Amino acid sequence: MRQAFRIFIVAIVAIFYIALRPNIAIATPDNTIRIASVDFTKQPAIAVKVSLSNNANELKFIPDRFTFESGKRYKLLLSNTSAMKHYFTSKDFADAIWTQNVVAGNVEIKGNIRELELKPNATAEWTFVPIKSGTYELHCAIAGHTEAGMRGSITIQPSV
Ligand SMILES: [Cu+2]
């Protein structure tokens, strides 16, 4: 008898729980679930400058270390004031970001970019949002330039 009463109570509780459950799931008056989201393309871009070599034709990136934060929007302003062409090559970094665009001259390129080549006196703007944290190597792909010191590193930190 006691056992039957206990089962009855459990059944009543279960029925009420199931009956009330839909009301618990309704989070907002208009019956939608809202998830906070960020439109990365509308964040102000943080400008970061990088020179590929310089007027003295030194084979280096200036600066040669970069730290970005995942989920922020950046505009990397690249320039080459040397007499030679240079590359900004960091394929693993390129795979760890979302590229919004690259603007060079009067051309805007949308979509994935793996590598940029800058001729003497060229400039380019690369707008992106870092996605995947890690440290990625950067180098210039022209033969001998990496070995001569034209290399660096790019770190993406998790968002805080
Ligand atoms: Cu170079």
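These are my notebook entries on a predicted model of one protein.

**Entry 1: confidence**

I looked up the confidence before anything else. The mean pLDDT of the protein is 87, and 81% of the residues reach 70 or more. Over residues 15–26 the pLDDT is below 50, and beyond near neighbours in sequence this stretch has 1 contact in the model. Where pLDDT is low, the predicted coordinates should not be read in detail. I took residues 15–26, with pLDDT below 50, no further.

**Entry 2: elements and overall counts**

I listed the secondary structure and found 2 helices and 11 strands. From the N terminus on, I read the order as α-β-β-β-β-β-α-β-β-β-β-β-β. I then looked up burial: of the 160 residues in the protein, 20% are buried. For contacts with a separation of 6 or more, I noted that 74% are between residues 24 or more positions apart.

**Entry 3: the open sheet**

In what order do the 6 strands of the open sheet lie? I read 2-1-4-9-6-7, with mixed pairing. Strand 2 (61–62) and strand 7 are the edge strands, and each pairs on one side only.

I went through three of the pairings. Strand 4 and strand 9 are antiparallel, with 6 bridges. In that pairing Leu78 stands opposite Ala124 of strand 9. Strand 6 and strand 9 also run antiparallel, joined by 6 bridges. There I found Trp98 with Val129 of strand 9 as its bridge partner. Strand 6 pairs with strand 7 (residues 107–110) in the antiparallel sense as well, over 4 bridges. Val103 has Glu108 in strand 7 as its bridge partner. Strands 6 and 7 form a hairpin with 2 residues between them. In its turn, Gly105 has a positive phi of about 65°.

**Entry 4: the largest nonpolar core**

I looked up the largest nonpolar core next, and it has 23 residues. The residues with the most contacts inside it are Leu52, Leu78, Leu116, Ala124 and Trp126. Two or more residues come from each of strand 4 (74–79), strand 6 (97–104), strand 8 (115–118), strand 9 (123–130) and strand 11 (151–157). Which strand gives the most to this core? It is strand 9, with 4 residues. In soluble globular proteins, nonpolar side chains tend to be buried together.

I followed Leu78 further. Leaving aside neighbours within four places in sequence, Leu78 is in contact with Val50, Leu52, Phe88, Leu116, Leu118, Thr123, Ala124 and Trp126. Leu52, Leu116, Ala124 and Trp126 are in both that list and the list of residues with the most core contacts. Ala124 is also the residue that Leu78 stands opposite in strand 9.

**Entry 5: Ala45 and Ile113**

I checked two loop residues for distant partners. Ala45 is in the loop between helix 1 (2–25) and strand 1 (46–52). Ala45 has 16 C-beta neighbours inside 10 Å and therefore counts as partly exposed. Its C-alpha atom is 8.6 Å from that of Phe128, although the two are 83 residues apart along the chain. Beyond four places in sequence, the contacts of Ala45 are Arg73, Tyr74, Lys75 and Thr127.

Ile113 is in the loop between strand 7 and strand 8. Ile113 also counts as partly exposed, because it has 16 C-beta neighbours inside 10 Å. Ala94 is 19 residues from Ile113 in sequence and 6.7 Å away, C-alpha to C-alpha. Outside four places in sequence, Ile113 is in contact with Ala94, Thr99, Val102 and Trp126. Trp126 is one of the residues listed for the core in Entry 4.

**Entry 6: backbone geometry**

I looked up the loop between strand 1 and strand 2, where I found Ser53 and Asn57. Ser53 has a positive phi of about 65° although it is not a glycine. Asn57 is not a glycine either, and its positive phi is about 60°. Is each of these buried or exposed? Ser53 is buried, because 24 other C-beta atoms lie within 10 Å. Asn57 has 11 C-beta neighbours inside 10 Å, so it counts as exposed.

Last, I looked up a cis peptide bond, which joins Ile62 and Pro63 with omega of about -5°. Pro63 is in the loop between strand 2 and strand 3 (65–69).

Notes: Residues are numbered from 1 along each chain as its sequence is written. This is a predicted model: local features need pLDDT of at least 70, side-chain atom pairs count only at pLDDT 80 or more; totals for chains, interfaces and linings use all residues. A nonpolar core is a set of buried Ala, Val, Leu, Ile, Met, Phe, Trp, Tyr and Cys residues joined through C-beta atoms within 7 Å. A residue is buried if 20 or more other C-beta atoms lie within 10 Å of its own, exposed if 12 or fewer, and partly exposed in between; C-beta atoms are placed from the backbone. Two residues are in contact if their C-beta atoms, placed from the backbone, lie within 7 Å. Two strands pair if DSSP finds at least two bridges between them. pLDDT is the predictor's confidence in each residue, from 0 to 100.
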